[in-house]
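Biologist: Can we look at the empty spaces in this model together?

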Amino acid sequence: MLFYFARRILAAIGVLLLISLFTYAIFFLLSPDPAVQICGKTCTPERIDQIRSQLGLDLPFWQQYWQFLSGIFTGRTYGEGAAAIQCAAPCLGFSFQTNEPVTDMITTRMPVSITVAVGAAVLWMLAGIGGGLLSAVKQGTGWDRGVMMTALAGISLPNYFVALLLQYVLVVQLRWLPFPQSVQFAEDPLLWFQSYLMPWLVLAFGYAAMYSRIVRTNVIDTLGQNFMRTARAKGLDAPLVLRRHALRPSLTPVVTLFGMDFAGLLGGALITETVFGLNGVGKLTADSIAKNDQPVIMGVTLLAAGLVVIANMLVDVAYTYLDPRVRVKSA
Amino acid sequence: MSITSPRTISIPVPGATLLEVEHLTVTFPTSAGPVEVVQDASFRVEAGDTLGIVGESGSGKSMTSLAIMGLLPRGGTATGSIRLNGHELLARSDREMRRVRGDKVAMVFQDPLSSLNPYYTVGRQIEEAYRAHNGGSRKNARNVTIEALERVRIADASRRVDHYPHQFSGGMRQRIMIAMALCLEPDLLIADEPTTALDVTVQAQILELLAELQRETGTGMIFITHDLAVVSQVADDVLVMKDGRQVERGTAEQIFSRPQAQYTRALLAALPRIDDPFDRLKGTS
């Protein structure tokens, strides 16, 4: 078992290294020269050369990649002397547009993205699993059709549309909610909750729609299994049969999906954060793409990839506990 | 059957009528109108005896047994009369039937791997059956379970009780299903093709085990199969079914030596015979 975990962790590190290499290569090869951008309008070729050497952009690709990589673990210094810029470990690069280390830019925005992701995840798991179960157990009834119609809407409507619609109805027309503001929980818990409620709902709607469909299919599939007949033949009552025998086989596959989706959201909900003006990692991504701030784009790309790889690993580990068949094979 | 069971064990009187099925008809609605998958079946099982129900796939054998359990698939309805120890089962609510299932009538199914939940240990699945009817502590249920596993000759039962279904062989899984069915000392055991998924050697072991347990407990048994050779080994009485209708009913001796119905004769003629090397398959319809 320990061997299995060690192997999984090593594999994850390998994947992360590859991702960082590819990301770096793409930015190295494709993007316009950052030195030109930094230099601005009153620029001389000498000045550009100076910036290039300061940033290490005059070095060959492998050396640049190595500097970037070692910066993550040991930190790095851009330039020399009085003009030197310190970037402490873990250094994901330095944004010369905002004059901030990328790591700092991400960490200050991370709490917002975490809040968005956790709140949305709670809602969508409740709604998705609940809806899917209801739909499966009441298969073919009005309940089933109602849930599945709603799910269809959730899957088909783009979330920027749902976001704007919700904002228009709840804030502008009905005035049930104030316009979302960026407040800390400690400052004004109610306003904090009201501000996050719409982003949560918008994100949860889309995911819950997908999850309820998957849960429904899984539950219907499980209900048709022979072991369900065995459970009833033992004389167990119907709710117990459902709870004990149908739920676990139906929900275990959902864990995989949840790990990926949740990790993806932690890496920033680009559209939702932008629509609601939330200053999270998603908004940071959108802004830095708009401004072509390459070190930041690369930083958030690596973060998102890293989160997915880590989540994937955690899901695999969780699976060995959830599914006895996997557990014994891997041992 | 288990010593730690707190229940008083009522030894059934041999030869007394345990199950009486009269004019059983099972109907399913289809888009082309209702279809009767079992038509007017009548038979009885005496305590301690075995009734073999024989027929091809789709002859209504399994539906008959599910009707007795009150476990017909969605949409299925049963009419007629099913009396267990003189009590009518068809009139009962699902809640009342729950007390019958497992406790009075237990079932062993064809495919033991898919009939066991892969997510739980076999011990837990047997305990669950026991506790659904007898309550009591998990510890007691676990002891009953280990005893039941020992009875069906699972070696090292106190350790194996914590293993998962996929860690057992096919024959052992069927033993586990039998242990599950018998831990509650049912009056009637319905075995629906219990040996079909097993190879011949294991099949013989399972049949022997069932016969032995039946002798010890006096449980009545319905043995459903398409295999005439198996029926000849286990059954006291035989019911032959085809297309939902009962074709012939009689003692095993009558059916095998003096079959009356054309269909039964055709079925028997289809059996390969070791003493007739030039035998050819004859039509069965």
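**Cavities and pockets**

Biologist: How many nonpolar, polar and charged residues are in the lining of the second largest cavity?
Modeller: The lining of the second largest cavity has 5 nonpolar residues, 3 polar ones and no charged ones. Nonpolar here covers Ala, Val, Leu, Ile, Met, Phe, Trp, Tyr, Cys and Pro, charged covers Asp, Glu, Lys and Arg, and the others, Gly among them, are polar.

Biologist: Before we go on, what kind of model is this?
Modeller: This is a predicted model, with local features needing pLDDT of at least 70 and side-chain atom pairs needing 80 or more, while totals for chains, interfaces and linings use all residues. Residues count from 1 along each chain, chains are lettered from A and ligands numbered from 1 as written, and side-chain values use heavy atoms, without hydrogens or water.

Biologist: Thanks! Back to that cavity: which residues line the second largest one?
Modeller: From chain B, the lining takes Leu182(B), Leu189(B), Leu210(B) and Leu213(B), then Gln214(B), Thr217(B), Thr219(B) and Met221(B). A cavity is a set of 1 Å grid points where a 1.4 Å probe fits but cannot get out, and a lining residue has an atom within 4 Å of a point.

Biologist: What volume does the second largest cavity have?
Modeller: About 40 Å³, counted as the space filled by probe spheres on grid points joined across faces, edges and corners.

Biologist: And where does the largest share of its lining come from?
Modeller: H8(B) gives the largest share, 4 residues. Helices are DSSP runs of H or I with at least four residues, strands are E runs of at least two, and both are numbered from the N terminus.

Biologist: How many cavities of 30 Å³ or more does the structure hold?
Modeller: There are 2. The largest cavity has a volume of about 80 Å³.

Biologist: Which residues line the largest cavity?
Modeller: Chain A brings Thr230(A), Ala233(A) and Lys234(A). From chain B come Gly102(B), Ala106(B), Met107(B), Ala129(B), Met177(B), Met180(B), Ala181(B) and Leu184(B). H9 of chain A, strand E6 (105-108) of chain B and H7 of chain B each give two or more residues. H7(B) has the largest share, with 3. By class, the lining is 8 nonpolar, 2 polar and 1 charged.

Biologist: New topic, pockets! How much space lies in the largest pocket?
Modeller: About 800 Å³. It has 25 lining residues, and those closest to its centre are Leu223(A), Met228(A), Arg232(A), Leu72(B) and Arg74(B). A pocket is an open set of grid points with protein on both sides within 12 Å along at least five of seven lines.

Biologist: Which helices supply at least two residues of that lining?
Modeller: In chain A they are H5 (102-137), H8 (189-223), H9 (226-233) and H10 (238-266), and in chain B it is H2 (94-100). H9(A) has the largest share, 4 residues. The lining holds 13 nonpolar, 5 polar and 7 charged residues.

Biologist: How much space is in the second largest pocket?
Modeller: About 570 Å³. Of its 28 lining residues, Tyr24(A), Pro34(A), Leu57(A), Gln294(A) and Pro295(A) are closest to the centre. Elements giving two or more residues include H1 (2-30), H4 (61-74), strand E1 (76-78) and H13 (294-322) of chain A. The lining divides into 15 nonpolar, 9 polar and 4 charged residues.

Biologist: Why does the second largest pocket lie between two domains?
Modeller: Domain 1 (32-91) and domain 2 (103-330) of chain A both give residues to its lining, so the pocket lies between them. Those domain bounds come from an automatic or database assignment.
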